[in-house]
Amino acid sequence: MPGGAWFGLLILCAILFAPGQAAVPPVDRDEARFAQASRQMLESGDFVDIRFQDDPRHNKPAGIYWLQSASVALFSEPEATAIWPYRLPSVLGATAAVLLTAWAGVRLFGPAAAIGGAALLAATVLIAIESRLAKTDAVLLATVVWAQGALARAYLGRREAKGRPIGLAVALGFWVALGLGGLVKGPIPLMVAALTAAALVVADRRGDWLGDLRPTIGAPLALLVAAPWFVAIGLQSGGGFYEDSVGTDLLGKLFSGQESHGAPPGYYLGLFPVTFWPATLGLVLAVPMIRRRWREPAVRFCLAWILPTWLVFELVATKLPHYVLPTYPALALLVAWAILDRPRDVAAGPPGRAGRIVAAVLFGIPALGLPLALAALPIVSEGRLFWSAIAVVPVAWALAFHGYRAAMAGERPALAIGAPVAAMAVLAAVAFQLVAPALDTAHVSRQVARAVERIAPCPPAETRVASAHFTEPSLVFWTGTDTVLSGGSGPAVDLIARDACAVAVIRETRLDTFRSALAERGVAIEAAATVEGFNYSKGDRLTLTLFRRPAATEPLPTPTEEGQ
């Protein structure tokens with residue numbers, strides 16, 4: 001693939017992923033927890049044990065925290081509240097995933113489909129979100145695609161007439177990717193690769209190609225990459241990491257819907273038209289071609305990549321939209337292959353009426369609805385118009401329509417891919433750079449932090465915040481590691497009673513209890529600020545009042561002082 005194509009994909013990633021990285025505040029709850037834990041690594045100098053305040057975070061390995069800590073050390077400082085350095089690994093991970101999809105796609109379907117599939121992956125709604133969150137999934141995706149690309153080369157090397165075994169570098173890269181993926185999110189990359197390989201071995205009734213991956217030297221290499229930290233955390237936590245990560249987190253997700261995230265099978269299929277948009281445009285073209293040509297090694301490999309992994313996640317009790325993200329590169333490559341190869345496929349006619357209806361549902365409804373939702377959100381949330389969000393509606397609709405028409409006609413495949421990608425680019429720019437940062441109602445912690453800065457009785461380094469009944473982790477990121485979060489007003493009462501520099505954040509339903517407790521102690525307080533907003537993590541509106549101790553009055557001069 002020419003160098004200009006790689007450069008073009010880099011530019012596309014910058015256009016799609018850069019807007020909003022610095023402007024959108026930390027998102028509750030996962031992103032804020034990851035970022036705060038990475039900050040505490042730098043503050044404490046402990047890069048083995050992962051903690052959010054005093055609580056251990058034993059549900060994920062340390063890889064992403066190391067990347068975020070390194071980014072902050074290079075570009076910021078732990079005391080700063082800028083979120084973009086913590087998001088930088090996700091931006092780079094998403095970009096690497098796009099480039100690695102092209103690398104895998106070149107071997108599977110050729111340069112044109114590789115570029116098209118990588119572009120479609122970069123434009124999907126799910127990648128747009130994950131590239132802007134300081135957590136594991138964008139980096140995880142890069143390790144998965146790296147491993148799957150090497151696996152594809154091993155498989156095709158034995159299946160194609162002119163194929164040859166892969167080189168040592170590619171084989172060892174497969175194992176390095178699994179080791180790095182294990183440090184980011186445990187067994188997920190290994191699971192995807194193992195399910196893919198198992199499906200291919202069963203379907204083909206041969207597995208001699210797996211030897212080309214050099215498992216005798218590769219498996220120890222993967223362990224060498226991942227094992228030191230797993231051993232260290234096991235020793236430091238006294239086995240608590242394994243009890244929490246395996247016994248509580250992993251098994252809990254398999255058999256019960258953790259943190260109210262349970263859903264029946266079919267959950268991901270239901271979300272798919274939105275999360276995979278705009279790449280859904282080519283599915284109506286891809287399905288008939290896959291049915292006819294599934295025996296081709298490249299198509300078979302992609303199906304083995306997608307179907308077992310998707311099925312596992314549909315059967316797991318705990319479900320979150322991003323869990324099926326590791327299957328999206330293969331889906332995007334199949335879609336791009338179908339769009340680009342259809343004009344050369346003599347058996348592929350234009351979609352019939354049923355196909356056009358399916359395309360209109362999968363692609364057309366989100367194409368109409370997403371721009372409208374973007375325009376309506378500021379009205380509903382803030383009660384005001386955002387003209388940029390309104391102006392983008394006809395632009396996105398026009399681009400989506402041209403892409404749909406080109407895809408159905410089958411005459412301009414580049415437009416069928418390029419127009420929807422452009423529609424997503426303009427939507428992402430407005431949504432993440434202009435609209436989302438301006439939704440003050442949704443960013444309650446940011447409002448509280450700004451109010452604390454205005455009314456704090458002491459300099460920032462001496463001010464401590466205690467929040468009762470508003471316990472979102474983003475508040476800790478905004479106001480400092482020593483922020484006190486509690487489900488009752490007792491800790492806030494204790495802090496403001498003993499610390500004249502403290503600020504207490506009290507929900508409206510607990511004001512009387514808070515005031516009474518301090519009155520009993522003879523502590524005078526004053527309401528210094530009020531914050532109203534919508535806690536999207538819990539789905540409820542709330543009013544918070546910020547209290548401080550009254551400013552001390554100047555002491556009266558003594559008689560001796562008057563006479564001097």
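Let me start with Phe272, which in this predicted model is buried, its relative accessible area being 9%. Since buried here means under 20% relative accessible area, the partner I want to show you next, Tyr328, also counts as buried, with a value of 0%.

These two residues form an aromatic pair, with 6.1 Å from centre to centre and 80 degrees between the planes, and that arrangement is edge-to-face. If you follow the chain, you will find Phe272 in helix H12, which covers residues 267-275, and Tyr328 in helix H15, which covers residues 328-341, so the pair ties together parts that are 56 residues apart in sequence. Please also look at what surrounds them in terms of ring pairs, because a cluster is linked up in this way from Tyr267, Tyr268, Phe272, Phe276, Trp310 and Tyr328.

Now, how many aromatic pairs does a search of the whole structure find? The search gives 21 of them, and one that I would like to point out is Trp229 with Phe230, whose ring centres are 5.1 Å apart and whose planes stand at 75 degrees, so this pair is edge-to-face. Trp229 is itself buried, with a relative accessible area of 4%.

Let me finish with charges that sit over rings. The charged end of Arg132 is placed over the ring of Phe432, at 4.1 Å from the ring's centre, and Arg57 lies over the face of Phe34, where the distance from the ring centre is 4.9 Å.

Note on methods: Residues are numbered from 1 along each chain as its sequence is written. This is a predicted model: local features need pLDDT of at least 70, side-chain atom pairs count only at pLDDT 80 or more; totals for chains, interfaces and linings use all residues. Side-chain values use heavy atoms; hydrogens and water are left out. Rings of Phe, Tyr and Trp (its six-membered ring) pair if their centres lie within 6.5 Å; planes under 30 degrees apart count as stacked, over 60 as edge-to-face and the rest as tilted. Buried means under 20% relative accessible area, exposed over 50%, partly exposed in between (1.4 Å probe, protein chains only). Helices (H or I, at least four residues) and strands (E, at least two) are DSSP runs, numbered from the N terminus. A charge sits over a ring if NZ of Lys or CZ of Arg is within 6 Å of the ring centre and within 35 degrees of the ring normal.
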